[in-house]
Amino acid sequence: MKLMLIGGGDNGYGTTTYETKEIDEEIVKMTNKNNPTFLFIGLASSFSDSYYDIMKKIYQNLGCKTTYLKKKNIINNPDIVKNKINEADIIYMSGGDTKKLVDIIKEYNIDKLIVDALNRGCVISGISAGAIAIANSGLSDYQILNNISNKYAFISGLNLININICPHANKKERIKDLKELLKDNDNDILCLDNGTALKIDNNNIEIIYSIKTNQVKLLSNTKETIIDNSNIKKIINL
């Protein structure tokens with residue numbers, strides 16, 4: 001099992017800083033290939049074409065062949081979808097609207113293809129919404145994006161690994177809503193700041209930092225614990 005759940009971070013688009021360099025490098029290393037195939041799934045994003053353009057540059061600079069799964073492929077060409085996923089060494093799910101991402105993946109049975117890819121050793125990675133999709137559940141802004149509410153809410157992912165996460169955990173409003181929700185919830189939530197990621201490479205479990213000052217914490221309704229590479233294995237049950 002090879003997974004990378006990324007808490008967030010800018011990718012250098014426009015005038016933003018490139019904040020996930022070390023994480024992206026680690027994803028490529030996890031394939032153990034010189035020229036792995038990188039498949040971008042941008043279904044969560046409203047700007048998937050431009051999102052892919054910047055990720056294409058990043059991963060081509062890291063030695064990857066890159067390809068892109070578009071929604072029109074999913075609707076019109078299931079064979080193309082299957083082939084792209086079967087040929088991928090890295091599947092990268094973008095940030096954006098978690099509900100849209102998970103709903104499309106399930107509606108078109110892409111989840112089964114992703115599980116097959118995971119079982120054959122493909123690296124499944126996701127940032128923000130994409131990280132929630134990998135997890136059992138996560139704290140998402142899908143209600144805010146869809147004008148349902150002004151609050152963050154939990155949403156179910158694909159449960160590739162049985163953990164619950166909160167991406168962008170360095171954002172005060174998100175943590176404020178999380179703490180309120182945890183008053184009636186006894187789950188432990190792995191809180192990933194921007195520039196941090198949970199890496200699972202078979203039996204190797206570690207935190208990857210691309211923003212050295214940011215943190216990973218385990219939050220519950222009774223306690224808050226800083227998680228680092230000295231204690232991460234104690235909270236992950238593979």
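These are my notebook entries on helix packing, nonpolar cores and a few loop residues in this structure.

**Entry 1: the model**

I began by reminding myself that this is a predicted model. Everything below should be read that way.

**Entry 2: H4 against H6**

I looked up helix H4, residues 78–87, and helix H6, residues 110–119. Their axes lie 9 Å apart, and the packing angle is about 20°. An angle under 35 degrees counts as roughly parallel, so I wrote H4 down as roughly parallel to H6. The crossing of H4 past H6 is right-handed.

Next I wanted to know which residues make the contact. On the H4 side I found Val81, Lys82 and Ile85, and on the H6 side Ile110, Leu113 and Ala117. Sorted by type, the contact of H4 with H6 has five nonpolar residues, one charged and no polar.

**Entry 3: H1 against H2**

Here I took helix H1, residues 21–30, with helix H2, residues 48–61. Their axes cross at roughly 60° and come within 10 Å. I therefore noted H1 and H2 as oblique to each other. H1 passes H2 in a right-handed crossing.

In this contact, H1 brings Asp24, Ile27 and Val28. They meet Met55, Ile58 and Tyr59 of H2. How does the contact of H1 with H2 divide by residue type? I found five nonpolar residues, no polar and one charged.

**Entry 4: nonpolar cores**

A general point I keep in mind is that nonpolar side chains tend to be buried together in soluble globular proteins. In this model, the largest nonpolar core has 49 residues. Leu5, Ile124 and Leu198 are the residues with the most contacts inside that core.

I picked Ile124 for a closer look and set aside its neighbours within four places in sequence. Its remaining contacts include Lys2, Leu3 and Met4, along with Ile91 and Met93. Ile114, Ala117 and Leu118 also touch Ile124, as do Ile134 and Leu160. I was pleased to meet Ala117 again, having already listed it in the contact of H4 with H6.

Apart from the largest core lies another, of 22 residues. Among its members are Phe38, Ile54, Tyr59 and Val123. Tyr59 was already in my notes, on the H2 side of the contact with H1.

**Entry 5: two asparagines with positive phi**

Asn147 has a phi near 55°, a positive value in a residue other than glycine. I located Asn147 in the loop between helix H8 (142–145) and strand E7 (153–156). Is Asn147 buried or exposed? With a relative accessible area of 74%, Asn147 is exposed.

Asn159 also has a positive phi, near 60°. Asn159 sits in the loop between E7 and strand E8 (164–166). Its relative accessible area is 40%, and I filed Asn159 as partly exposed.

**Entry 6: the loops on either side of H1**

Asp10 is in the loop between strand E1 (2–6) and H1. I noted Asp10 as partly exposed, at 35% relative accessible area. Leaving out neighbours within four places in sequence, I found Asp10 in contact with Thr16, Thr17, Tyr18, Glu19 and Thr20. I also checked Asp10 against Lys217, 207 residues away along the chain, and their C-alpha atoms are separated by 21 Å.

Asn34 lies in the loop between H1 and strand E2 (37–41). Asn34 is exposed, with a relative accessible area of 71%. The C-alpha atoms of Asn34 and Leu62 are 9.2 Å apart, with these positions 28 residues apart along the chain numbering.

Note on methods: Residues are numbered from 1 along each chain as its sequence is written. This is a predicted model: local features need pLDDT of at least 70, side-chain atom pairs count only at pLDDT 80 or more; totals for chains, interfaces and linings use all residues. Side-chain values use heavy atoms; hydrogens and water are left out. Axes are lines fitted to C-alpha atoms, for helices over the stretch in contact, and angles run from 0 to 180 degrees between N-to-C directions. Helices (H or I, at least four residues) and strands (E, at least two) are DSSP runs, numbered from the N terminus. Angles under 35 degrees count as roughly parallel, over 145 as roughly antiparallel, 65 to 115 as roughly perpendicular and the rest as oblique. A crossing is left-handed if the near helix is turned anticlockwise from the far one by less than a right angle, and right-handed if clockwise. Contact means heavy atoms within 4.5 Å. Ala, Val, Leu, Ile, Met, Phe, Trp, Tyr, Cys and Pro count as nonpolar, Asp, Glu, Lys and Arg as charged, and the others, Gly among them, as polar. A nonpolar core is a set of buried Ala, Val, Leu, Ile, Met, Phe, Trp, Tyr and Cys residues joined through side-chain atoms within 4.5 Å. Buried means under 20% relative accessible area, exposed over 50%, partly exposed in between (1.4 Å probe, protein chains only).
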